[in-house]
Structure formats: structure tokens, C-alpha cells
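Reader: Please take a close look at one part of this model: the place where the ligand sits. I would like the surroundings, the contacts and the pocket in one connected account.

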Amino acid sequence: MENVKWITVTSPEEGAKEVYKVIEEELQNNRLHVLGLATGSTMIPVYQEWIHSNLDFSEVTAFNLDEYVGIGADNPNSYAYFMKQHLFSKKPFKETHIPNGMAEDLDKECEEYEQQLNAHPLDIQLLGVGENGHIAFNEPGTSFDSVTHVATLTDSTLDVNSQYFENDEKIPNIALTMGISSINKAGKLIMVAFGEKKRAAMEKLKAGEVTAEWPITKLLLHNDVLVITDLQID
Ligand code: GLP
């Protein structure tokens, strides 16, 4: 699989340095104007590396993958809050976009988000993966043709992600998410996965068979994927 390059590292910090190298090179070569960003614990060391560097994102437009429905940007459980806390308050971007989970008309919000994406094609999309193989909030079974849409989260995702919910707030079971096709339109994909909990998903990716039951495997159809993981997968 020449389209998928694997880098195996020994720690999340080392993985974050590998992501940094790519971002730095693309910025230097003037090839990074629109960057797709992700949330989750995996991205914390990645963003730490960026905020303690000289990387300059002031000419870069950012798009985030997803957001919960019904919680606003000032709620610590929202992805908008996560991004502000871990990156945007420390590194200025030209523009930042995150789907608005408080929008009155969610379908319209998704349509407009997809239009924005089409107007600003992603040069790079950074991705994590859920334990069940979801990318963004594209759960198992999601159509590969999907664009930005309203997604219902699976019990497995609700279980895993509710651990991060603060203030006893109930996790919403609905989210807005870029679709699998929106993601795969990016020029380059960087998939980052750390820890044993991601082994099943990463084994599916390595196995090389594309199946809707494991949304991560759709990456195999992209022509430029970089995988950075601390898992040794044979
Ligand atoms: C959420 C996000 C995904 C992310 C996943 C992994 O479900 N919607 O985009 O990849 O969490 O999170 P973590 O990095 O905390 O394992």
C-alpha cells in the first residue's frame, strides 16, 4: 500500500514531533493554506508541540471535524472550547471554523459547512480514531459518500467519550460531523493513534480491506495518508 505511509513511534510525544515535522515542512513550502483539525486526547500532545514552536498559522484557515449538538462554545465539554483551550487561544489562525451545534436548523448548518469546505479545499486533514474505528463522528455503517451531516452516536462512542464530560453533564447523543467523503477530499490525511485501545481499529487499517463497518478503512482509498502510531502492528 504505497499510498499509506506508517511511522511507528515509541510515545505520544514522539508522535507529536512527527506530526510537527510534516506541518512545518508544508508551511515552509507554502503548501498549507487550509488545515483540518481534530479534537480528543490524542491531539493534546500534538497541539502542545505547535504552541511551543514558531509555527505561524496566521495565514492558515482551520476547519474542525465535528461538534456535539446542544452545547455551546462556552461550555467546557464542547469541541469549540477544547480548540480554544488547547490551540486557538495560543496560536492565531487566519480563520477558524467549527460546526455550530447550537444552530436552530442543523441540516442547514451542515449544508453551509460543506459549502465552506468546498470553497476552501483542505490541504491537510488531521485525524484521530475512535475505538470502534469511527473517524470524526462517522460511526460504523456510515456511507462513504457522506458529506457534513447530523450523526447519531453509538453506545460505544457515548461510553468512551462520556469519560471526558465535566460537571456531570449528560453527553449529547447527536453531533454534527464532516462526512467520510468531505474528509477524503483533503490533499493529505494524517491519522494519529496512540494506545492499546486503538489496536483493533489500526489492525483493520493495516489489514487493507475497505469496509463500512470500520470507517477508518476508507482512508485506504486516499492517495496520500500518513499514519503515526505508537502501536506495533504486524
Ligand atoms: C471523538 C472525536 C474523534 C476522535 C475520537 C478519539 O470521538 N469525534 O474525531 O478521533 O474522539 O478521541 P481520543 O483522541 O480522545 O481517543
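Author: Start with the make-up of the shell. This is a predicted model. In it, the shell around the ligand holds five nonpolar, six polar and two charged residues. That shell counts 13 residues, and the closest are Ser41, Thr42, Asp66, His134 and Lys198.

Now the polar contacts. The side chain of Ser41 places an N or O atom 2.7 Å from an oxygen atom of the ligand. Asp66 also uses its side chain: one of its N or O atoms is 2.7 Å from a nitrogen atom of the ligand. Gly128 takes part through its backbone, where an N or O atom lies 3.5 Å from a ligand oxygen. How much of the ligand's accessible area does the protein cover? On its own, the ligand has 390 Å² of accessible area, and the protein covers 94% of this.

Next, the space itself. The ligand sits in the largest pocket. The volume of this pocket is about 790 Å³. Its lining takes in 36 residues. Nearest the centre lie Thr39, Gly40, Ser41, Tyr79 and Tyr164. Ser41 thus appears twice: it is among the closest residues to the ligand, and it is also among those nearest the pocket centre.

Which elements give two or more residues to this lining? They are β4 (66-68), α3 (79-88) and α5 (155-162). Helix α3 provides the largest share, with five residues. Asp66, the residue in contact with a ligand nitrogen, falls in the range given for β4. Tyr79, listed near the pocket centre, falls in the range given for α3.

The lining can be sorted by class too. It has 15 nonpolar, 16 polar and five charged residues.

One more pocket is useful for comparison. The second largest pocket has a volume of about 160 Å³. Its lining is made of Glu24, Leu27, Gln28, Asn30, Leu32, His33, Leu55, Asp56, Ser58, Glu59 and Val60. By class, that lining has four nonpolar, four polar and three charged residues.

To recap the ligand site: Ser41 and Asp66 make side-chain contacts at 2.7 Å, Gly128 adds a backbone contact at 3.5 Å, and the ligand sits in the largest pocket.

Key:
Residues are numbered from 1 along each chain as its sequence is written. This is a predicted model: local features need pLDDT of at least 70, side-chain atom pairs count only at pLDDT 80 or more; totals for chains, interfaces and linings use all residues. Side-chain values use heavy atoms; hydrogens and water are left out. A residue is near a molecule or strand if one of its heavy atoms lies within 4 Å of it. A polar contact is a pair of N or O atoms within 3.5 Å; within protein, one must be able to donate a hydrogen and the other to accept it, and residues adjacent in sequence count only if both atoms are side-chain atoms. Accessible areas come from the Shrake-Rupley method with a 1.4 Å probe; for residues, only the protein chains shown count as cover. On a 1 Å grid over the protein atoms alone, a cavity is a set of points where a 1.4 Å probe fits but cannot get out, and a pocket is an open set with protein on both sides within 12 Å along at least five of seven lines; lining residues have an atom within 4 Å of a point. A molecule sits in a cavity or pocket if more than half of its atoms lie within 2 Å of its grid points. Ala, Val, Leu, Ile, Met, Phe, Trp, Tyr, Cys and Pro count as nonpolar, Asp, Glu, Lys and Arg as charged, and the others, Gly among them, as polar. Grid points are joined across faces, edges and corners, and a volume is the space filled by probe spheres set on the points. Helices (H or I, at least four residues) and strands (E, at least two) are DSSP runs, numbered from the N terminus.
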